[in-house]
Amino acid sequence: MLECIYFYEEYIYIYIYKYLYVSERTSTEFLHCFCNHLTALSGSFFVLPNFIDPFADAKLFLTFFENPVVVSIAIMIWCVYFFLIYWARKADRNDIEKVGVNIAMDNSQEDKYTYLVCIITGWWNDAGTTADVSMVITGALRQSSKHALNDDGNDRKHFQSGSEDWFVITTPNTLGDLQSVTVWHDNGGNSPAWYKINLDMNLTRIIVEDLQTKESWTFLYGDWLAVDRGVCTTTVNLPVCTQEELKSIHKQDFMLKSSQDLRNGHLWLSIFSKPPHSTFTRVQRLTCALSLLLTTMLTNIMFHGIPTDDPDDQKTVGHITLSLADIVIGIESAIIMFPINIIIVQLFMKTKAKPLMSDVLKKKMKKAKQNKSTSTDKSTNLKNSAPKLLPWWFIYIAWTVAMTTSLVSTYFVMLYGLKFGYQKSVDFILSFFTSFFQSAFVTQPIKVIIIAVLFTLILKKPVELESRKTSVVQGEVSDKSERREDDNDDGQEKNHFIPLPLTKKLIEKAKEKLRIEGLVQETLVNISLYFVFVCVILFMVHGHRNIKESYLCTKAIEDIFVHPSHSEDTWVYPTDTLAIEK
């Protein structure tokens, strides 16, 4: 869209369509204006996208088999989306089992002093443990009893890859300033080796918080708890880190910050590495990624092949060539693409979860009526500290906007692809996916690293755990405490077995057993590889023989010895001619 502009008073301009207008001589290279007086003139332009009629051009779908490239890619994207939806839904259900605060089963009802313990496990595949983990907290005044770190009667898996496990441990009185924690496991299960080391930061953070005084202590560790790896032990004693030590670990803070941003902030990577505590589910992230991908395809194909400025009007800096048309197209694409996708993401992130009226909630409501004054003060404090979120029914608006945007973008992308022709469609697909993968897996991670460097190494801001929500945790602690009291109304406490740390003798036996299992596994692998190698050799030796000659030779031998078909005349010649007279 071209416009002629009339300037006056140096900086102020108005449009005078009666005396100043674009002439018919205007082309793609020049702007020609008609005016009835002499003045300072200027021109502005808005780069129009490739024209397409959404209704009249629908007949292009009849030419699908002549140019199926873009349409096939769009259909394949939707197929991959529906396939991943099934996996993402299943992964979201598994994440629900990993979040929440756990009340240690061996807590005594008489103990009222509570500590909140968080243990971070690395997020690669084999970082977790199947063993039973226990711990002891040592303070300046006294030492806590042994506590097994497991859930209160639920079949919940702890210390899985990428998990942050929160436990509530009770003691009769305060332990004072904490000095150390001792952690061990019983080397049980199929995969007992526990690497309490985060892939990105080469350490684990065990955080213990006093819920009464709000003080917290941090303990760092960076090795295996296993009988056959690292220092070959299942028990470790970790001293508390001082404030000076915490301030000096900027490198670890940088790795933790970059790890959090990649797992939770990178839209594409977070689909597979989302922290379990995040309410922005994998299904929602996958849908936002679909909308972003299709709208990006639309904005790219809208302006694909539009001529740029004259080479004389372009600026070249090194290997980069800039032109005004390219800049305008980039701005227009951003205006079309980013606002709608930002709205979709924010709607998913800022919407409350749909309330469910379960038996537990009904029981809590009944209790709340009996203790009206206490519950009112508590709920008021929680509401003041809780973030403001949209009503739960906004989730339907988010899904409607996301799916409508994706479907409309898909339709127009298909029309553009059918109108372009085969070769132009192939060129577009190659250029788009090249730029897309470069942006998603090169540019975005570099941006995350730069932000992490800015916050941790330059500004030196401390990194907080994203799953730490004080108000929510306190509310959940009280709720689970009430549930524990209800389950133990008979006044009898159950005795819970707490495994002791393994002795050196048991560790040596376990190490020898693992060594033998490793040798057996290695031998079986070698036998399998040797068998594959022999099959390859036999195939190479016999695979290049002349098949016709081999067949005829085999058939001749079978005809003589297996399926003989000799007549009586066969032996006349040998008998009469070759027989030797005595």
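**Exercise 1.** At 11% relative accessibility, does Gln260 count as buried or exposed?

*Solution.* Start with the cut-offs: buried is under 20% relative accessible area, exposed is over 50%, and partly exposed is in between (1.4 Å probe, protein chains only). Gln260 has 11%, so it counts as buried. Next, place it: Gln260 sits in helix 3, residues 250-265. Helices here are DSSP runs of H or I with at least four residues, strands are runs of E with at least two, and both are numbered from the N terminus. Finally, pick a partner: Ser273 is 13 residues from Gln260 in sequence, and their C-alpha atoms are 9.9 Å apart.

A word on ground rules. This is a predicted model, where local features need pLDDT of at least 70 and side-chain atom pairs count only at pLDDT 80 or more, while totals for chains, interfaces and linings use all residues. Residues are numbered from 1 along each chain as its sequence is written, and side-chain values use heavy atoms, with hydrogens and water left out.

**Exercise 2.** Describe the chain as a whole, then say where pLDDT stays under 50.

*Solution.* First, the inventory: 14 helices and 18 strands. Of the 582 residues, 36% are buried. Then the confidence: pLDDT is the predictor's confidence in each residue, from 0 to 100. The chain averages 76, with 69% of residues at 70 or more. Residues 195-203 stay under 50, yet the model gives them 40 contacts beyond four places in sequence. Residues 371-385 are also below 50, and that stretch has five contacts beyond near neighbours in sequence. A contact means heavy atoms within 4.5 Å. Last, look at range: among contacts between residues at least 6 apart in sequence, 77% join residues at least 24 apart.

**Exercise 3.** Which residues touch the most other members of the largest nonpolar core?

*Solution.* Fix the term: a nonpolar core is a set of buried Ala, Val, Leu, Ile, Met, Phe, Trp, Tyr and Cys residues joined through side-chain atoms within 4.5 Å. The largest one has 42 residues, and the best-connected are Ile77, Met297, Ile301, Phe348, Tyr416, Phe428 and Ile429. Now ask who supplies it: at least two residues each come from helix 1 (69-98), helix 4 (267-273), helix 5 (282-302), helix 6 (324-349), helix 9 (394-420) and helix 10 (422-458). Helix 5 gives the most, ten residues. Zoom in on Tyr416: beyond four places in sequence, it touches Asn50, Ile52, Leu298, Ile301 and Met302. Apart from this core lies another, of 23 residues, including Tyr115, Ile119, Leu149 and Val208.

**Exercise 4.** How does helix 5 compare with its expected span, and how many of its residues are buried?

*Solution.* The expected span is 1.5 Å times one less than the number of residues. Helix 5 has 21 residues and reaches 30 Å from first C-alpha to last, close to the expected 30 Å. Helix 5 is mostly covered, with 19 of its 21 residues buried. Try helix 1 too: its 30 residues reach 43 Å, close to the expected 44 Å. After helix 1 comes Gly100, with a positive phi near 105 degrees.

**Exercise 5.** Find the annotated transmembrane regions, then follow Ser409.

*Solution.* The unreviewed UniProt entry puts "transmembrane region" at 69-88, 286-307, 327-348, 393-416, 436-459 and 523-543. Positions follow the numbering used here, feature names are shortened, and annotations may be inferred rather than shown by experiment. Check two spans: the end C-alpha atoms of 393-416 lie 36 Å apart, with 96% helix and 0% strand. For 436-459 the ends are 32 Å apart, again with 96% helix and 0% strand. Now Ser409, in helix 9: its relative accessible area is 3%, so Ser409 is buried. Its side chain reaches the backbone oxygen of Thr405 at 2.8 Å. Beyond four places in sequence, Ser409 contacts Leu294, Thr295 and Leu298.

**Exercise 6.** Compare two loop residues, Asn107 and Lys214.

*Solution.* Asn107 lies between strand 6 (101-103) and strand 7 (113-120), and counts as buried at 10%. Its side chain makes a polar contact with the side chain of His147 at 3.5 Å. That term means a pair of N or O atoms within 3.5 Å; within protein, one must be able to donate a hydrogen and the other to accept it, and residues adjacent in sequence count only if both atoms are side-chain atoms. Lys214 lies between strand 13 (204-210) and strand 14 (216-221), and is partly exposed at 43%. Its phi is positive, near 65 degrees. Most residues other than glycine have a negative phi.
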